[in-house]
Structure formats: C-alpha cells, structure tokens
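Please look over the sequence and the structure shown below, and keep both at hand while you work through the exercises.

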Amino acid sequence: MDHPIVVAIIVFVSIYIAFLLIRLLADMFIVGIALACAVAAYSLIGFDLYPAFRDALMVDIGLLAKLGVNLPQQPETWAVYTIAGLIAIVGVIACVPFLPFSATYRKMLGVEKLSRKEEAKIKQWVQEELKKDLEDASLND
C-alpha cells in the first residue's frame with residue numbers, strides 16, 4: 001500500500017459502491033422506515049408503551065414541553081394521535097435523504113429516461129401544438 005493511486009482507487013470505488021447500494025435499496029429503506037413507524041404507532045396501545053413514549057417525549061427529549069403540550073398519564077384518544085403524528089413526522093424526516101435515490105420517487109418526478117415510444121409521442125404532441133400555434137398566429141395577422 002505504498003502507492004497513493006491504489007488508495008485513491010479504493011476510495012473512489014467504495015464511494016461508488018455505497019451510492020449504488022443506496023440507489024438499489026432506497027425504496028426498501030423507505031418501506032422499512034414506514035414499517036418501523038407503523039410498528040411504533042401500533043405499540044402505543046397494542047403493547048401498552050404509551051407511558052414510555054410519553055415520558056420520552058415529555059421528560060427525556062422535552063419536545064412536548066417546548067410545544068406546550070401536556071399529555072395525560074392514561075392514554076386518551078387525542079394523546080395517542082398526537083404521539084402517532086409525531087412518529088409519522090419523524091418517519092417522513094427520516095425518509096427524506098433516501099428520496100433522491102428512490103426509483104419510485106424518480107419515476108413520479110419524471111427524472112428517469114423516457115422510452116423511445118413515449119419520447120415519440122411527446123414529440124408528436126409538441127409538433128401538433130406548434131402547428132396549431134402557427135395556424136392561430138397566421139389567422140390573427
């Protein structure tokens with residue numbers, strides 16, 4: 001390992017492989033985060049973990065105190081929904097770093113390359129609209 005070029009190549013390849021794995025697994029990470037948040041929300045009542053969540057949010061983290069929310073000792077409907085909402089917000093924030101790598105998200109935004117058939121269809125639509133605009137411009141002159 002006396003050659004710096006070998007170290008540079010190893011660093012380059014490791015960064016490339018890390019981002020390749022993130023791209024390949026991004027959708028699974030998002031589904032995993034959503035599943036973990038759903039299990040956490042279910043465990044509020046299902047496993048009677050409301051007191052633990054309440055103590056963590058009110059005493060340990062102090063988030064609810066900063067927001068001015070005081071949760072009761074016994075789980076009430078609004079208190080459970082408040083904690084579930086916070087769990088959902090944390091889940092969404094945890095998913096944000098994976099969104100640019102998610103194939104589903106990229107497809108929804110139209111980032112992925114279009115097929116030749118889709119590209120031809122769009123070109124045809126653009127040509128039709130340009131033709132209509134030229135006809136409208138010639139009629140207005």
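What follows is a set of four exercises on this predicted model, each with a worked solution.

**Exercise 1.** Determine how many helices and strands the chain has, and in what pattern they follow one another.

*Solution.* Begin by counting the elements: the chain has six helices and zero strands. Next, read along the sequence, where the pattern is α-α-α-α-α-α.

**Exercise 2.** Compare the radius of gyration of the chain with that of a compact globule of 141 residues, and describe the overall dimensions.

*Solution.* First take the reference value, which for a compact globule of 141 residues would be near 14 Å, and set against it the 26 Å of the chain. Then turn to the C-alpha trace, which spans about 75 × 65 × 30 Å along its principal axes. Continue with burial: of the 141 residues in the chain, 16% are buried. Finally, consider the surface, since the accessible area of the chain comes to about 11,000 Å², and 69% of this belongs to carbon and sulfur atoms.

**Exercise 3.** Decide whether Phe12 and Arg54 are buried or exposed, and place each in its helix.

*Solution.* Start with Phe12, which lies in helix H1, a helix that covers residues 4-46. Its relative accessibility is 60%, and because exposed means over 50%, Phe12 counts as exposed. Phe12 also belongs to a nonpolar surface patch, whose members include Ile9, Val13 and Tyr16, and the patch as a whole has about 1,100 Å² of accessible area. Now take Arg54, which is located in helix H2. Its relative accessibility is 11%, and because buried means under 20%, Arg54 counts as buried. If neighbours within four places in sequence are left aside, the residues in contact with Arg54 are Val59, Asn70, Leu71, Pro72, Gln73 and Ile83.

**Exercise 4.** Find out which residues have the most contacts inside the largest nonpolar core, and which helix supplies the largest share of this core.

*Solution.* The largest nonpolar core has 16 residues, and those with the most contacts inside it are Leu44, Tyr50, Leu57, Leu64, Leu71, Ile83 and Ile87. As the next step, look at where the core residues come from: H1, helix H2 (50-60) and helix H4 (77-95) each supply at least two of them. The largest share, six residues, comes from H4. To finish, follow one of these core residues, Leu57, which touches Gly62, Leu63, Leu64, Ile83 and Leu86 when residues up to four places away in sequence are not counted.

Terms used. Residues numbered from 1 in each chain as written. Predicted model: local features only at pLDDT ≥ 70, side-chain atom pairs only at ≥ 80, totals over all residues. Heavy atoms only, no water. Patch = residues over 30% accessible without salt bridge, like charges linked within 9 Å, V, L, I, M, F, W, Y side chains within 5 Å. Areas by Shrake-Rupley, 256 points an atom, 1.4 Å probe, with all protein chains shown as cover. Salt bridge = Lys/Arg side-chain N within 4 Å of Asp/Glu carboxyl O. Helix = DSSP H or I, 4+ residues; strand = E, 2+ residues; numbered from the N terminus. Buried < 20%, exposed > 50% of the residue type's maximum accessible area, 1.4 Å probe, protein only. Core = buried A, V, L, I, M, F, W, Y, C linked by side-chain atoms within 4.5 Å. Contact = heavy atoms within 4.5 Å. Rg over C-alpha atoms; globule rule 2.2 N^0.38 Å.
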